[in-house]
Amino acid sequence: MGIKKLLIANRGEIAVRIIRSARELGIRCAAVYSDIDRRARHVLAADEAYEIGGAPPLESYLDMGRIIEAARAGGCDAIHPGYGFLSENPKFASMAAAAGLIFVGPRAETIALMGDKVASKEAMLKAGIPVVPFLGGKGEVSPEEAEKLGYPLMIKAVAGGGGKGMR
């Protein structure tokens with residue numbers, strides 16, 4: 001049956017690129033926008049657009065309930081989170097599925113697994129996929145352990161913040 005109408009839960013150039021790609025597949029596109037973005041490029045590029053709240057992203061682009069409601073009210077079949085904002089939020093993927101929408105992205109369980117650095121590494125090892133050696137969330141790395149792993153060595157926080165914890 002396929003997707004006939006896609007809501008893009010993002011803004012700006014990200015949304016414009018998704019609209020362009022969806023159109024090439026014959027899919028109608030709906031944009032969402034905050035009150036200050038009503039004349040933004042992504043809004044003008046879409047077939048339809050729905051206002052979802054105030055300028056602060058917490059009042060609009062990060063308001064999962066408003067975005068899901070806009071998709072349902074607009075008769076959308078699917079929702080694409082774009083990149084950033086809600087794209088790595090398993091709750092958003094679950095909410096979309098519960099609302100009967102196709103979530104264009106990984107399943108909620110997969111997103112949750114990707115967010116857990118230790119569990120995702122262990123899952124990849126179990127699947128036989130090569131990974132960079134790691135200590136598996138053991139905390140501090142002694143110089144002796146670093147020597148065993150080899151250099152270069154990357155230390156990453158288990159509960160990261162978008163790559164900010166890498167050393």
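**View 1. Gly128 follows helix α6 and has a positive phi, near 80 degrees.** This is a predicted model, so local features need pLDDT of at least 70 and side-chain atom pairs count only at pLDDT 80 or more, while totals for chains, interfaces and linings use all residues. Residues are numbered from 1 along each chain as its sequence is written, and side-chain values use heavy atoms, with hydrogens and water left out. At the N-terminal end of α6, Asp116 acts as the cap: a side-chain oxygen of Asp116 sits 3.2 Å from the backbone nitrogen of Val118. That is a polar contact (N or O atoms within 3.5 Å; within protein, one able to donate a hydrogen and the other to accept it, with sequence neighbors counted only if both atoms are side-chain atoms).

**View 2. Val131 sits in the loop between α6 (117–126) and α7 (143–149).** Which residues does Val131 touch, leaving aside those up to four places away in sequence? They are Lys121, Met124 and Leu125; touching, or contact, means heavy atoms within 4.5 Å. Val131 and Lys121 are 10 residues apart along the chain, and their C-alpha atoms are separated by 7.1 Å. Val131 counts as partly exposed, at 27% relative accessibility. The cut-offs are under 20% relative accessible area for buried, over 50% for exposed and partly exposed in between (1.4 Å probe, protein chains only).

**View 3. An open sheet of 5 strands runs in the order β3-β2-β1-β4-β5, with parallel pairing.** The edges are β3 and β5 (102–103), each of which pairs on one side only. Two strands pair if DSSP finds at least two bridges between them. Between β4 and β5 there are 2 bridges, in the parallel sense, and Ala78 has Ile102 as its bridge partner in β5. Along the chain, from the N terminus on, the elements go β-α-β-α-β-α-β-α-β-α-α-α, giving 7 helices and 5 strands. Helices (H or I, at least four residues) and strands (E, at least two) are DSSP runs, numbered from the N terminus.

**View 4. Strand β1 (residues 5–8) is covered on both faces.** Lys5 and Leu7 point to one side, Leu6 and Ile8 to the other, and all of them are buried. β1 runs parallel to β2 (residues 28–34), joined by 4 bridges, and Ile8 has Ala31 as its bridge partner in β2. To get from β1 to β2, the chain passes through helix α1 (residues 12–24) in a right-handed β-α-β crossover. Right-handed means that, with the strands pointing away from the viewer, the path from the first strand over the helix to the second runs clockwise. β1 is also joined to β4 (residues 78–80), again in parallel, by 3 bridges. In β4, His80 stands opposite Ile8.

**View 5. The largest nonpolar core has 25 residues.** A core here is a set of buried Ala, Val, Leu, Ile, Met, Phe, Trp, Tyr and Cys residues joined through side-chain atoms within 4.5 Å. Leu7, Ile67, Ile68, Ile79, Phe92, Leu101 and Phe103 touch the most other members. At least two residues apiece come from β2, β3, α3, α4 and α5 (108–115), and α3 supplies the largest share, 5 residues. One of the core residues, Ile68, touches Ile79, Phe92, Met95, Ala96, Ala99 and Leu101, not counting residues up to four places away in sequence. There is also a second, separate core of 11 residues, with Ile8, Ile18, Ala22 and Ala46 among them.

**View 6. Ser60 lies in the loop between β3 (48–53) and α3 (64–73).** Is Ser60 buried or exposed? Ser60 is buried, with a relative accessible area of 0%. Its side chain reaches the backbone oxygen of Gly54 at 3.0 Å. Beyond residues up to four places away in sequence, Ser60 touches Ser34, Ile52, Gly53, Gly54, Ala55 and Ile67.

**View 7. Phe85 is not a glycine, yet its phi is positive, about 35 degrees.** Look for Phe85 in the loop between β4 and α4 (90–98). With a relative accessibility of 30%, Phe85 counts as partly exposed.
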